[in-house]
Every structure is written in structure tokens, then in C-alpha cells.
Amino acid sequence: MTVKHLAIIGGTGFAAFGDLKTIREQHVDTPFGACSSVLKTVELGGEEITLLLRHGPLHNIPPHRVNYRANVWALHEIGVTHIIGVAAVGGINQAASPKKIILPDQIIDYTYGRKHTFFEEDLEQVAHIDFTEPFCRELREIVLRASADIGLDLLDGAIYGVTQGPRLETAAEVKRMANDGCDIVGMTAMPEASLASELGLCYTTCAFCVNWAAGCADSKEKIDMAEVQKTVEQEILAIRQLLIASARHFNS
């Protein structure tokens with residue numbers, strides 16, 4: 001019987017999680033190079049989870065340079081079975097407004113040039129995965145139950161458009177994404193989600209909206225990064241409460 005093991009891949013704003021009690025640290029060598037950070041087993045609301053910082057402990061690894069393969073491989077190597085990837089995003093759909101927490105259920109991938117698969121070297125035969133549902137139903141349900149427990153008004157279901165970064169998008173690009181059906185835009189769900197799927201891991205993204213995407217809503221002004229950072233600092237507290245409740249449901 002497989003023992004369940006939850007990991008959180010933290011992104012923007014996770015400096016606010018620096019006060020977590022560290023139980024142990026693990027350095028994992030992978031065939032794909034170094035992970036973004038050491039793997040820490042930490043105590044989150046009384047529950048033990050593994051934490052990996054996607055952009056590094058100093059938040060200096062841009063989204064297009066994250067070693068997604070090393071990160072996901074290392075988590076799998078230490079026995080992680082379920083991953084919640086936390087991501088700051090921009091809102092396109094009116095329902096995905098700034099300060100909203102969103103649990104997407106679909107992805108459109110606009111990235112390029114990223115190392116996006118484990119299935120490319122020394123294969124006995126070509127391998128494909130079913131990626132019809134990019135996010136794990138089981139883990140999405142756990143997060144939804146957790147949000148209900150803490151009275152969080154979470155947006156259930158959205159199409160996450162994943163862009164290359166590190167620059168933000170043009171208004172024309174966002175308009176195209178809206179026409180494609182995207183509700184939110186970010187830079188990290190791919191190839192994180194597909195790599196997890198290749199290794200049989202249960203993965204979901206928990207996104208929090210920190211600004212309107214370029215040209216959206218009533219504002220046509222440039223995106224103010226100082227305002228974005230302020231929103232991140234506010235929203236990460238709600239994300240923390242949601243992750244605590246999710247970890248409790250996961251272990252119950």
C-alpha cells in the first residue's frame with residue numbers, strides 16, 4: 001500500500017512561510033541537475049508536508065529557467081504522491097479578479113523551449129500520457145473541501161493560460177488568450193503539471209490573482225509591480241490558511 005505524501009511547490013510570496021518549523025532537509029541528486037531549492041519537511045498547521053521553493057530560496061530563478069524536471073523528479077524520488085503547486089496569476093475573466101483564489105481545471109500551454117518531458121532519452125518505445133484532465137480530481141476535491149471549511153470564496157474551475165515569461169504579456173496577447181478561452185494567465189503550471197502526470201503523481205495548481213492581465217477590466221494602465229507585490233503579501237496569508245486546511249483533509 002502506497003503511503004500518501006503531500007508536497008507544496010511554492011512560488012511568489014512564499015518568503016512569508018519562512019517561520020515554518022523545519023523537521024528535516026533533503027538534498028536530492030537528479031539525472032536532470034539541481035532542484036530549485038532543498039526539499040524541506042516542515043510542519044504546517046500541525047501537519048507534516050514537503051516544501052520546495054520553485055524560484056529558489058532567494059526568489060531569483062525566473063519562470064523560464066526553473067528546472068521543472070529536477071523539481072518533480074526529486075519530489076517523486078523521496079516518495080511524494082501528491083503535489084499542490086501554488087502560483088500567482090493575472091486575471092482575464094471577470095470572475096478571476098485580483099485577490100481571488102482560483103482552482104483551475106484546464107490548461108492552455110503557450111510556453112516554448114522548456115524541458116517538458118522525461119520521455120526523450122534511452123526509451124524502449126515512444127511514451128505518451130493522457131492529459132485530458134491536467135489537474136488531479138482527488139486533490140482538487142481536497143482543496144475544495146478545505147476552502148469550504150475555512151469559509152473561503154474560491155473560484156472552482158478556470159482555464160490557465162501558461163506563458164513563457166519572464167516579461168508580462170501584451171494587451172494583444174491577452175486578448176488572444178481570452179479568445180482562446182483562458183480565464184487566468186501565469187508562467188509556471190507547465191511543464192510542472194505534465195511532468196507530474198508522467199510520473200503518476202497527483203497534481204493540482206492553487207492560483208491566486210494578483211492583478212488584471214494587460215488590457216483587461218476597466219483599467220488600461222500599465223501594471224504596477226509595487227501594487228502587485230502588495231497584493232501578493234495580502235493574499236499569501238489566505239493561501240497559507242487554505243494549505244493548512246488542505247493538509248489536514250489530506251491526512252484525515
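Helices (H or I, at least four residues) and strands (E, at least two) are DSSP runs, numbered from the N terminus. The model is predicted: local features need pLDDT of at least 70, side-chain atom pairs count only at pLDDT 80 or more, and totals for chains, interfaces and linings use all residues. Residues are numbered from 1 along each chain as its sequence is written, and side-chain values use heavy atoms, with hydrogens and water left out.

**Exercise 1. Overall build**

Task: State how many helices and strands the protein has, and judge its radius of gyration against that of a compact globule.

Solution:
- Step 1. Take the elements. The protein has five helices and 11 strands.
- Step 2. Apply the globule rule: 2.2 Å times the number of residues to the power 0.38, with the radius of gyration taken over C-alpha atoms.
- Step 3. For 252 residues, a compact globule would come out near 18 Å; the protein has 17 Å, so the two agree.
- Step 4. Add the box. Along the principal axes, the C-alpha atoms fill roughly 50 × 45 × 30 Å.

**Exercise 2. Burial and sequence separation**

Task: Find what share of the residues is buried, and what share of the contacts between residues at least 6 apart in sequence joins residues at least 24 apart.

Solution:
- Step 1. Fix the classes. Buried means under 20% relative accessible area, exposed over 50%, and partly exposed in between (1.4 Å probe, protein chains only).
- Step 2. Of the 252 residues, 51% are buried.
- Step 3. Fix the contact. Heavy atoms must lie within 4.5 Å.
- Step 4. Of the contacts between residues at least 6 apart in sequence, 81% join residues at least 24 apart.

**Exercise 3. Helix H4 and its end**

Task: Describe the cover of H4, its packing partners and the residue just after it.

Solution:
- Step 1. Place the helix. H4 spans residues 189–198 and contains Pro-191.
- Step 2. Count the cover. Nine of the 10 residues of H4 are buried. Among them are Ala-189, Met-190, Pro-191 and two glutamates, Glu-192 and Glu-198.
- Step 3. List the partners. The buried residues of H4 pack against strand S1 (6–10), H1, S5, strand S7 (106–109), S9 and S11.
- Step 4. Check the peptide bonds. Met-190 to Pro-191 is cis, with omega near 5 degrees.
- Step 5. Look past the end. Gly-200, just after H4, has a positive phi of about 75 degrees.

**Exercise 4. Thr-205**

Task: Is Thr-205 buried or exposed, and which residues does Thr-205 touch?

Solution:
- Step 1. Thr-205 sits in strand S11 (residues 202–212).
- Step 2. Its relative accessible area is 1%, so Thr-205 is buried.
- Step 3. Leave aside neighbours within four places in sequence. Thr-205 then contacts Gly-85, Ala-87, Ile-102, Leu-103, Pro-104, Phe-135, Tyr-160 and Ala-189.
- Step 4. Ala-189 is also one of the buried residues of H4.

**Exercise 5. Unusual backbone in loops**

Task: Locate the cis bond at Pro-166 and the positive phi values of His-59 and Lys-99.

Solution:
- Step 1. Recall the background. Most residues other than glycine have a negative phi, and most peptide bonds are trans.
- Step 2. Gly-165 and Pro-166 are joined by a cis bond, with omega about 0 degrees. Pro-166 is in the loop between strand S9 (159–162) and helix H3 (171–180).
- Step 3. His-59 has phi near 50 degrees. Its loop runs between strand S4 (47–53) and helix H1 (68–77). At 43% relative accessible area, His-59 is partly exposed.
- Step 4. Lys-99 has phi near 80 degrees. Its loop runs between strand S5 (82–91) and strand S6 (101–103). At 47%, Lys-99 is partly exposed.
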